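Okay, thanks everyone, I'll keep this short. Have a look at the sequence and the structure, and then I'll walk you through a few spots that I picked out.

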Amino acid sequence: MTRPRIPGLKLMWISLTSLMGCHGVTPATPLSQAIVAGDVKKVEALLKAGQSPDEGPVLPIVWAARAGQVDSIRLLVAAGVDVNTMDDGGNRWTPLQHALHKRKSDAARALVEAGADVSRHSAGQMPPLMMAAGYGDLRSVKMLLDHGADASFEFQPGITATWAAAGGMTLADLTDGPPMGTCFPEIVRLLREKAPNVRFHRNTETRFLRVVAKNECAALIESLTEGGS
């Protein structure tokens, strides 16, 4: 499958690739199975017995991130796992991105405290701050900003974490994102404090956003769009 070349469909491609990776996959190793089950004692015992912390089609650290298993994350880090590794799936996400995708804010914090890069992302994929903002994860947005995430970063022209929080994630993640038309004004305000000059471009993506916007979201989008009030 090739990536769509039409700029306005780039975010739709992200939604399609998010179906890859861990969707429909189950833990394949005893270690990953113990992590998902929340059996911390077994995780510790397996690691002490020599179970590789970097084995499986989906790495144990990814399962720990997606399941929000903070204790297992810490055990894996102590065993030498690289918290900045990218998965081999279609999305090429870091464990931090997996945690944010599943709205596991405690796991996201544990990964960042263990050295996860708050800005690391593969080409064509949203950075962590944009994911947290778009999913309405205020705790993670604050945490990422406190650790140096750039609120002004443009994923593509006019597409920022602020744009995602104003409803963009409903277009960028059609499968797991918020209901169409949802926005998060409190997160928008927080991001605007960090990046007051961010504006939305009058492009295809923003036009889509205005069409599906509900209630306060419509006025919010208009106020942040070039030439708006």
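Let me start with one valine. Leaving aside its neighbours within four places in sequence, V25 touches V58 and W63. V25 sits in the loop between α1 (10-17) and α2. From V25 to V58 you go 33 residues along the sequence, yet C-alpha to C-alpha they are 8.2 Å apart in space. And is V25 buried or exposed? Neither, really: at 31% relative accessibility, V25 counts as partly exposed.

I should say right away that this is a predicted model, so please keep that in mind for everything that follows.

Now, stepping back to the whole chain. The protein has 13 helices and zero strands, so if you read along the sequence you just get α after α, from one end to the other. There are 229 residues, and 51% of them count as buried. Then the contacts: take those between residues at least 6 apart in sequence, and 71% of them join residues at least 24 apart.

Back to W63, the partner of V25. W63 is one of the buried residues of α4, and that helix deserves a minute. How many of the eight residues of α4 are buried? Seven of them, so α4 is mostly covered. The buried ones are P60, I61, V62, W63, A64, A65 and R66. Yes, there is an arginine in that list: R66 is buried too. What do these buried residues pack against? Four helices: α2 (30-37), α5, α6 and α7. Right after α4 comes G68, and the phi of G68 is positive, near 70°.

Let's take one of those neighbours, α5. Helix α4 covers residues 60-67 and helix α5 covers residues 70-78, and they pack at an angle of about 155° with their axes 8 Å apart. The cut-off for roughly antiparallel is over 145 degrees, and α4 and α5 are therefore roughly antiparallel to each other. The crossing of the two, α4 and α5, is left-handed. Who makes the contact? On the α4 side, P60, I61, A64 and A65; on the α5 side, S72, I73 and L76. By class, the contact of α4 with α5 has six nonpolar residues, one polar and no charged ones.

For contrast, go further down the chain to α10 and α12. The axes of α10 and helix α12, residues 204-212, come within 9 Å and cross at roughly 90°. That makes α10 roughly perpendicular to α12. From α10, the contact uses W163, A166, G167, G168, T170 and L171, and from α12 it uses E205, T206, F208, L209 and V212. Sorted by class, the contact of α10 with α12 has six nonpolar, four polar and one charged.

While we're in that part of the chain, the disulfide. The count comes to one disulfide, and it joins C183 to C217, with S to S at 2.2 Å. With -95° about the S-S bond, the link of C183 and C217 is left-handed. C183 lies in the loop between α10 (161-172) and α11 (185-194), while C217 is in helix α13 (residues 216-224), so the pair ties together parts that are 34 residues apart in sequence. Are the two cysteines, C183 and C217, buried or exposed? Both C183 and C217 are buried.

One more long-range pair, briefly. K142 is in helix α9, residues 138-146. K142 and L190 are 48 residues apart in sequence, but 8.1 Å apart in space, again C-alpha to C-alpha. K142 is partly exposed, with a relative accessible area of 42%.

Last stop, the backbone at two arginines. R92 has a positive phi of about 55° although it is not a glycine, and you'll find R92 in the loop between α5 and α6 (95-101). R103 also has a positive phi, of about 60°, and is not a glycine either. R103 is in the loop between α6 and α7 (105-113). How covered are they? R92 is partly exposed, at 36% relative accessible area, and R103 is partly exposed as well, at 33%.

That's what I had. Happy to rotate the model and go back to any of these spots.

Key
Residues numbered from 1 in each chain as written. Predicted model: local features only at pLDDT ≥ 70, side-chain atom pairs only at ≥ 80, totals over all residues. Heavy atoms only, no water. Axes fitted to C-alpha atoms, helices over the stretch in contact; angles between N-to-C directions. Parallel < 35°, antiparallel > 145°, perpendicular 65-115°, else oblique. Left-handed = near helix turned anticlockwise from the far one by under 90°. Contact = heavy atoms within 4.5 Å. Nonpolar A, V, L, I, M, F, W, Y, C, P; charged D, E, K, R; others polar. Disulfide = S-S within 2.5 Å. Buried < 20%, exposed > 50% of the residue type's maximum accessible area, 1.4 Å probe, protein only.
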